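Here is a short tour in questions and answers for someone meeting this structure for the first time. Take a look, and then let's go through it together.

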Amino acid sequence: MKKLAYYLNPVTRLGIRKYSFLFPLLFNISLCIVSEVYAYGIAKNPNSVGSYIIFLNVFSIIYFSFRDGIRGGVIAVAVTIFYYFYIIHTRGYTGVQWDTAFETTLILAALYLLLGGTIGWLKQRIDMLIGTETQARHLAEEGKIRLQTILDQLPVGVLLADVQEKKLEGNKQIEKILGKPIRGNLNRSPDYKSPYAYAFEKALSPKEWPIVRALVKGEIVNSEEIEFIRNDKKHLHLRVNAAPIRNKSNAILAAVSTIYDITQEKELEHRKDDFVNMASHELKTPITSMKLYIDLLKKRMTDVDERSEKIVDSIQKQTERLHELVNDLLDVSRIQTGKLHFRKEEFILNTLIGETIDVLQETTKNQQIIFTGKDTIFVYADRFRVYQVITNLLTNAIKYSPSGSNIIVHIQKMEGKIVVSVADKGIGIDPTQRTKIFERLYQVTDPKEKTFPGLGMGLYISKEIVKRHRGNIWVEGEKGKGSTFYFSLPTKKIH
Ligand code: ADP
């Protein structure tokens, strides 16, 4: 029954471009035969056909052109007109009567063709539009499935917030990381300022996630680390990126976020830091004793040959170097664990710089360190830690510049702060490395610079010291033309 209704109802066939040939042909021929049987058999008046047949034919043309397009309409018209000629022929018309009937049939043929053709053409256009739309929908659905499969295969968590579809979705990995299915409706927000925060809070946690900022403010978030406590109480460390997706007129349509679970990495790093901390503590005690014994040995060395004296001096220098390295390692792990403490006081900075230069000038005969600061400048800082920063900048300037070049140290007083600069004429730093060199254990990986000894801790420690004094540290200069390092410190106590 359903099949029959589908076959006969032209509306259910909209969008299907399968047009029948036999059905309209047989139906219209049958209509003519029934009409003839009625006229001759039932009405017993061959001329009674004209009164109702036009009505039936018009209906049939409309029906078939709407059901089977131009083809259906043309078949219905052809059979009808053929039948009209058959009537003219069989009813014995002559003279004017024949002429009128013939002309009327021709006019009707033109009108029927126009009717059937127009409806048929419209029907075919509708079918085409529906077909294209269905195809596009299928394609979009297929694309979605494909994208979802790709996303599910990724080893990284992906979140997608779609403003148009008002949906928050995630891939398999994000559900594994966060331990719950991520699905939200972006519609449910009672909060005007951050319209989507509510949905995210429900789905994720009570924190403004980078994806919310990307969606609401259009922010691009790069490698932000956030902590997340899962329902099973596991503490996670996540590295999150997020970006808005905009249309051509720059309106935000959606936002996408990738989330890496770096908990294991963090734990490993933690264990490594613990190990470095322990190892440097363990190393510090024997090195301090070694230093003391070497001092003692030097004092007791009278009447020894020059060669032995040189050997002991060299041992002393190397032990000093070892001592500095262990101290740096300890400082790095203090920074990592938040245990780098300061004893701040007011002191004259240029005196400290002058003294440090005197000590370091001793270590290099070929380079001249020139200090231009003469005015007395007070700063409020940890004297030893500031000494450490100046020493680090100066030893680097000595290490990374050729012999015979000068190193210039300058102090500039500004409102509420002073800026110290250390300029050298050495190998310089590429602009892309200017911020990286202040990162922990970072060293420029230029094969030509491999020859310089070091571990990449000095600038990291200096940066932390300056930062904790609410100052700044930065570098200027060009590769091959030398560099100038700057750091600033407050002149007054800041609470
Ligand atoms: P280290 O000198 O022990 O390698 P630092 O943290 O002091 O570590 O410096 C990090 C990196 O910055 C160095 O490896 C070097 O490549 C670069 N650098 C530091 N100071 C200078 C300088 N004055 N000129 C050129 N490069 C420098």
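Q: Are α9 and α12 oblique or roughly parallel to each other?
A: Keep in mind that this is a predicted model. The axes of α9 and α12 cross at roughly 45 degrees and come within 10 Å. Angles under 35 degrees count as roughly parallel, and therefore the relation of α9 and α12 is oblique.

Q: In which hand does α9 pass α12, left-handed or right-handed?
A: The angle alone, roughly 45 degrees for the axes of α9 and α12, is joined here by a hand. The crossing in which α9 passes α12 is left-handed.

Q: How do α8 and α9 run, roughly parallel or roughly antiparallel?
A: Helix α8 covers residues 263-300 and helix α9 covers residues 306-336, and their axes come within 8 Å. These axes cross at roughly 150 degrees. An angle over 145 counts as roughly antiparallel, so α8 and α9 are roughly antiparallel.

Q: How many charged residues are in the contact of α8 with α9?
A: α8 passes α9 in a left-handed crossing. Sorting the residues of the contact of α8 with α9 gives 12 nonpolar and nine polar ones, and the charged ones number seven.

Q: What is the hand of the crossing of α10 and α11?
A: Helix α10 spans residues 349-361, and its axis and that of α11 come within 10 Å, crossing at roughly 45 degrees. That angle makes α10 oblique to α11. As for the hand, the crossing of α10 and α11 is right-handed.

Q: Which element gives the largest share of the shell around the ligand?
A: There are 21 residues around the ligand, with N396, Y400, D424, Q443 and L459 coming nearest. Three residues are the largest share of the shell, and they come from α11.

Q: How many residues of the shell around the ligand are nonpolar?
A: In the shell around the ligand, three residues are charged and eight are polar. The nonpolar residues of this shell number 10.

Q: What percentage of the area that the ligand exposes when taken alone does the protein bury?
A: Start with the contacts: a polar side-chain atom of Y400 lies 2.9 Å from an oxygen atom of the ligand, and a backbone N or O atom of G458 lies 3.4 Å from an oxygen atom of the ligand. A polar backbone atom of L459 is 2.8 Å from an oxygen atom of the ligand. Taken alone, the ligand exposes 530 Å², and the share of this that the protein buries is 96%.

Methods. Residues numbered from 1 in each chain as written. Predicted model: local features only at pLDDT ≥ 70, side-chain atom pairs only at ≥ 80, totals over all residues. Heavy atoms only, no water. Near = heavy atom within 4 Å. Polar contact = N/O pair within 3.5 Å; in protein donor to acceptor, adjacent residues only side chain to side chain. Areas by Shrake-Rupley, 256 points an atom, 1.4 Å probe, with all protein chains shown as cover. Helix = DSSP H or I, 4+ residues; strand = E, 2+ residues; numbered from the N terminus. Nonpolar A, V, L, I, M, F, W, Y, C, P; charged D, E, K, R; others polar. Axes fitted to C-alpha atoms, helices over the stretch in contact; angles between N-to-C directions. Parallel < 35°, antiparallel > 145°, perpendicular 65-115°, else oblique. Left-handed = near helix turned anticlockwise from the far one by under 90°.
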